[in-house]
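Reader: I am new to this structure and would like a close look at one part of it. Please take the aromatic side chains, and say how they are placed and what surrounds them.

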Amino acid sequence: MDATYQIFIQLLLGSVLGWLFRSAGQSSFIGYVIGGFVASLIMQQGFGSSFASQLDFLKSLGLTLFSFEIGLSIGIEKLTKSLSRVIVVEMVAYSIIWFLTALLSIETSLNTFERIFLFLVLMDCSSVAINLVSKISDDDIRSLAIVQSNFEDLAQFIAFSMIFTAGIAKPDLIAILTNVLRVIGLTGLLAYVLNLAMKRFYRWINNMDNLSRSLLFLSIALLYSTLVQGLNLPTLFGAFIAGIVLSSYVRGDEISIMSGLRELGLLLYFSSIGTQITASTSASLSNIMTLGFVYAIAGVFTRFISLSLGALFIAVRADAIPYYAASLSSISETSIVFADTLIQQGVLNPTFKSMTITTVIISMILSQMLFSNASRFSTILTGLMPRNVRVFFTMLSHLLLESSETSIKLGSELVRFLIPSLLATYITYIASAIPIPTQNVRIGMAVATSIIAYIVIVINFYKTLNSIINFLDLKFEQRIQNWNAVSLASNAITIVLVAISIILLFNVTNTMLSEDFVQSSFHRYLAALIHVITFVLLFYLIITRIRVKIQKSRN
């Protein structure tokens, strides 16, 4: 059978079934997958190599469009305004979800990597959440839920990129946090460069018509998808970063074009995914679907309970919590993309693709059922929350929100350290890769760029360390007049967070300085010298602060 005819059947069935499911109040994504699956049954005897190659192209294009639109949908300004509340909820939710994955991994015999992938799957809500959130009557809760869904998109992409680039070779906490910081820093660097270019050519771009601007933005997404491959990141992450940056430049009348791009991306990618289900899972399809059903039930109810508990910790009204948690309880379609990517990398069992598809589809149906019954849960929860319990959670929420703001401040300092340091690092890589015929000149350029990179990293290290210690001083000065139990707990949390930040700063700096830009003994001696300098700078700052405190106390 001709490959063009095969693709036509696949897209036609996907479009029709997607429309039917959307008309029935479900996600069109379900129709696209089923359409691809039905097409594969019709054409089972007719697949050829030409169809397979074109199918890969459709998947790649669809994935770029889908990832780009997800980035566009994230409102960075709204996210930053509510970030402290969102982080508190997610830390509670992710802790409970991580515990659930531990139980499920024991019951279903998952290895460590599969358990981490399952956690990744349960991190984010689906596109169904946006439709459910729009039905929440309370404006504040509705806005918080939208921001929460945006944060989960961002967190899931960062977590996946960390797994994709670093794997799980170093599962200890500091190594994980270091890898997360490097991915966030690289994201910030790529976003900064694109934003700088957009500001430089803004007047020219602003004079374009809507269609030309949309095509330009899509071209940038494709360019970034290609660019990040050279940085050992997944291609979908490049389109996602481009979408986040370009969301600030999209006009209101261009939203419909971008929404159309999203649906096109969903159709191309998920109908192609549907065609691949039959061949890989025909022998054990029932077992895989049963497992997916179990993961969906466990995932949805765990997300509902954990998000409800997180909402209590930020003092959300008891009657509004069930609506808020139910709207975000589904599991994201993006997890199917991650499963497919990791399967192609050879690190995940192919059966996880069909299992993840089943999990996502069932979760969408269950979350809508939960939301339709949210009023019953609201009545029950309100009755279980006497006044003294609400007062306790309100007091606790102040402590958690302050700790969250401290984490954001310290995290932003670390990211500001990483962006110029990573830029210097990549310039060194580029300089060492330039094909210069004269060996002495090539080595001299590599050594010179390495020295410059070291200087940039050490200067940034000193500035960041100084900012962190200044922040600690300021926090203690603000609380020294009001010592009580809450203040004491807050100070203890601040000290722990600052200590972790300094350890991460040292760890990231050490990782950067240990990169072998130049294979020579000179590099090793230089790296050792700068390691010593960083420790000297730390002790110098600590001693200076102690002397200042002593002088103030004497005066």
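Author: A good place to start is Tyr94, which counts as buried because its relative accessibility is 10%, under the 20% cut-off for that class. The model it belongs to is a predicted one. Phe119 also counts as buried, with a relative accessibility of 15%.

These residues belong to a wider set, since the structure holds ten aromatic pairs. In one of them, the ring centres of Tyr94 and Phe119 are 5.9 Å apart and the planes stand at 75 degrees, so this pair is edge-to-face. The cut-off behind that label is an angle over 60 degrees. Tyr94 is part of helix H5 (residues 83-107) and Phe119 is part of helix H6 (residues 112-121), so the pair ties together parts that lie 25 residues apart in sequence.

Another pair is formed by Tyr202 and Tyr249, with ring centres 6.0 Å apart and planes at 50 degrees, so it is classed as tilted. This pair links distant parts of the chain, 47 residues apart: Tyr202 is in helix H10 (residues 202-206), while Tyr249 is in the loop between helix H12 (235-246) and helix H13 (255-275). The two residues can also be described by their exposure. Tyr202 counts as partly exposed because its relative accessibility is 39%, whereas Tyr249, with a relative accessible area of 12%, is buried.

Aromatic residues also come together in a group: Phe157, Phe160, Phe237, Phe240 and Phe338 form one aromatic cluster. Phe157, from that cluster, is also touched by Thr334, which has Phe66, Ile70 and Gln156 among its other contacts once residues up to four places away in sequence are set aside. Thr334 is in helix H17 (residues 334-344), and its relative accessible area of 3% makes it buried.

Some rings have a charged group over them. The charged end of Arg115 sits over the ring of Trp98, at 3.9 Å from the ring centre. Arg200 lies over the face of Phe201, and there the distance to the ring centre is 5.6 Å.

Back at the first pair, the loop between H5 and H6 contains Ser109. The phi angle of Ser109 is near 55 degrees, which is a positive value in a residue other than glycine. Ser109 is exposed, since its relative accessible area is 65%, and exposed here means over 50%.

An aromatic residue also takes part in a helix contact elsewhere. Helix H2 (residues 28-42) packs with helix H18 (residues 351-372) at an angle of about 145 degrees, and their axes are 10 Å apart. The crossing of these helices is left-handed. On the H2 side the contact has Phe29, Ile30 and Val33, and on the H18 side it has Ile357, Val360, Ile361 and Met364. By class, this contact has seven nonpolar residues, and no polar or charged ones.

As for the whole protein, it has 23 helices and zero strands. Of its 555 residues, 51% are buried. Among contacts with a separation of 6 or more, 83% come from residues 24 or more positions apart.

Key:
Residues numbered from 1 in each chain as written. Predicted model: local features only at pLDDT ≥ 70, side-chain atom pairs only at ≥ 80, totals over all residues. Heavy atoms only, no water. Axes fitted to C-alpha atoms, helices over the stretch in contact; angles between N-to-C directions. Helix = DSSP H or I, 4+ residues; strand = E, 2+ residues; numbered from the N terminus. Left-handed = near helix turned anticlockwise from the far one by under 90°. Contact = heavy atoms within 4.5 Å. Nonpolar A, V, L, I, M, F, W, Y, C, P; charged D, E, K, R; others polar. Phe/Tyr/Trp six-rings, centres within 6.5 Å; stacked < 30°, edge-to-face > 60°. Buried < 20%, exposed > 50% of the residue type's maximum accessible area, 1.4 Å probe, protein only. Lys NZ or Arg CZ within 6 Å of the ring centre and 35° of its normal.
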